[in-house]
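User: Could you walk me through reading pockets in a model like this one?

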Amino acid sequence: MELTSLAPELLQREKKERDFSLPPLPFAEKGKVITRFPPEPNGYLHIGHAKAAIIDYEYARMYDGKFILRFDDTNPENAHLDFYDAQKEDLHWLGVEWDTEYHTSDHLEMHYKLAEQLIKQRDAYLCKCTSEMIRAGRFNGKACDCREDRTGEEALDLWNDMLANPEVGGIFRLHGEMESDNTAMRDPTLFRVIEAKHPLTGDKYHVWPTYDFAGAVEDSISGVTHPFRTKEYELRDAVYFRILSLLNLRIPHLMEFSRLSIEGMPVSKRKIKPLIEQGLVTGFDDVRLPTLRGLKRRGIVPEAIKQFVLQQGFSKVESVVNFSLVESVNRKYLDSKVKRYYFVPDPVQLSVEDAPKKTVKLSLHPDGTMGERTIHTSSTFFIPKEDAQKMKIGDILRLKGLYNVKIVKTGDTLTGAFAGDELIPETFKIQWTTNDYIPLKIIVPGFIFKDEAYNPDSLHELQGYVEKAILGIPFGEIVQFERVGFVRLEKQKNDLVGIFAHK
RNA sequence: GCUCCCGUAGUGUAGCGGCCAAUCAUGAAGCCCUCUCGAGGCUUCGACUCGGGUUCAAAUCCCGACGGGAGCACCA
């Protein structure tokens, strides 16, 4: 073809590399974007939180802006002291760093002032109805008498009583639109009495703002320009905007994205808690759980989570992602960074007649950049049962990195004969250990949920021998056992245990 | 039930009127490479939910149906 000589570059098919940057943000100016991640300190962070935190953080970086960590601790019954720090640890591990940090509970006095303003404007009232009555009223779109009777001056007195004395009770409602199609607008609750002791403010306050109020006010006042939340809040947007406009506060550019869910891995506490209570999982850091702690133990690295999240992008499409997507990203990340060792699952003894005593240095990584470990061999080896069973008398196998062995006897144990050092092309190469091995258990996590129910078959074990050199590496490190997979090494009650990440 | 959101290969994603006989990843199958069944390279498989309309032109805009999800808390 003429083209081949005339313009060879046209024949080169260009491979478009997709960049995993987030789409541009509407109304965003360099240096002026402020985002926020607002967890409630009521549990450990999971992959869903990671999505939100990473998007918030990445957008702030993309626009040289600012990223705020705000603890939305406005319900003292849920907030627990331990989780403030636990969540910060999780974020640090993820590699998400914030510029400012505060608690919504720091700002209650301000919230009270704004509440007072709403009352004075007659945009809110105090409701004394029972929750059943309120629910029915909202369902039918009918206002209760409180809406007219406990408003203005009347409401201000009640409000002050409520602040002074929890016994007074009542709830503070927005004067919204009881007839609205959007049920969120039917006079939502903005403040209510909760007497539980708050982890930070103790019993100083007993009137607490709801999410609708606190979220909107905090976003606005803290200067957030682009707050993101998940789709299930979409109907509450109207409430958000209404509150801010009544209060004459700046209205941020609010956006929603879909929740991230992974097939076979429940994210909600509602589903995880029973598993813990029934002892079906070890805790929130169980290796089968998509909590950041679980993922970490399983050998999923933060860089992979980040790339995975960015690959998912920012959309409202509900999706149930397959965990293989996470594994794939993780594997590619680990491949160049992790040391190689030999682990022999289900070991079978192989005795080699006339075995030359050798001292070999095996590279810790195929690219040769990570040094090597030294192994002294004798005539006794162990190889995986799965491979041993395939051997027939006369077959030649290659002890990977060592030498060839010709099988002379099969059975419960194998006998072979030394068959030369040179690598014979096409020989079956298998990993091995000498009799100077260490027994190792590898935990293999599976999907904890199957068809929406607990999967009792979700945890497997692999017993085997590992070469002694493994003792040189620190707990917590991830290695690749050749021909087996990537495994994170962990200390459990003085024992070394492996946790299987993926192939 | 009412309201809102969403609908591109098995899964996830790009595209958002002509460059689309639709991108990339994942997955599966095969080949090459490699002293790993990993990584890398190559090939193949596989999708615009359906029906109307607007337009010279629709995956892209409009309407409807169907399917999925969410909300209807004194929880975030």
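Analyst: Sure, we'll take confidence, then the pockets. This is a predicted model, where local features need pLDDT of at least 70, side-chain atom pairs count only at pLDDT 80 or more, and totals for chains, interfaces and linings use all residues. Residues are numbered from 1 along each chain as its sequence is written, chains are lettered from A and ligands numbered from 1 in the order in which they are written, and side-chain values use heavy atoms, leaving out hydrogens and water.

User: What is the mean pLDDT of chain A?

Analyst: pLDDT is the predictor's confidence in each residue, from 0 to 100. Chain A has a mean of 93, with 96% of its residues at 70 or more. Over residues 1–18, though, the pLDDT is below 50. Where pLDDT is low, don't read the predicted coordinates in detail.

User: How much space lies in the largest pocket, and which residues lie nearest its centre?

Analyst: On a 1 Å grid over the protein atoms alone, a pocket is an open set of points where a 1.4 Å probe fits, with protein on both sides within 12 Å along at least five of seven lines; lining residues have an atom within 4 Å of a point. Here the largest pocket holds about 1200 Å³, the space filled by probe spheres set on points joined across faces, edges and corners. Its lining has 48 residues, with P38, E40, Y211, E232 and Y233 nearest the centre.

User: And the second largest pocket: what is its volume?

Analyst: About 340 Å³. It is lined by 16 residues, and I262, E263, G264, M265 and E452 lie nearest its centre.

Terms used. Contact = heavy atoms within 4.5 Å.
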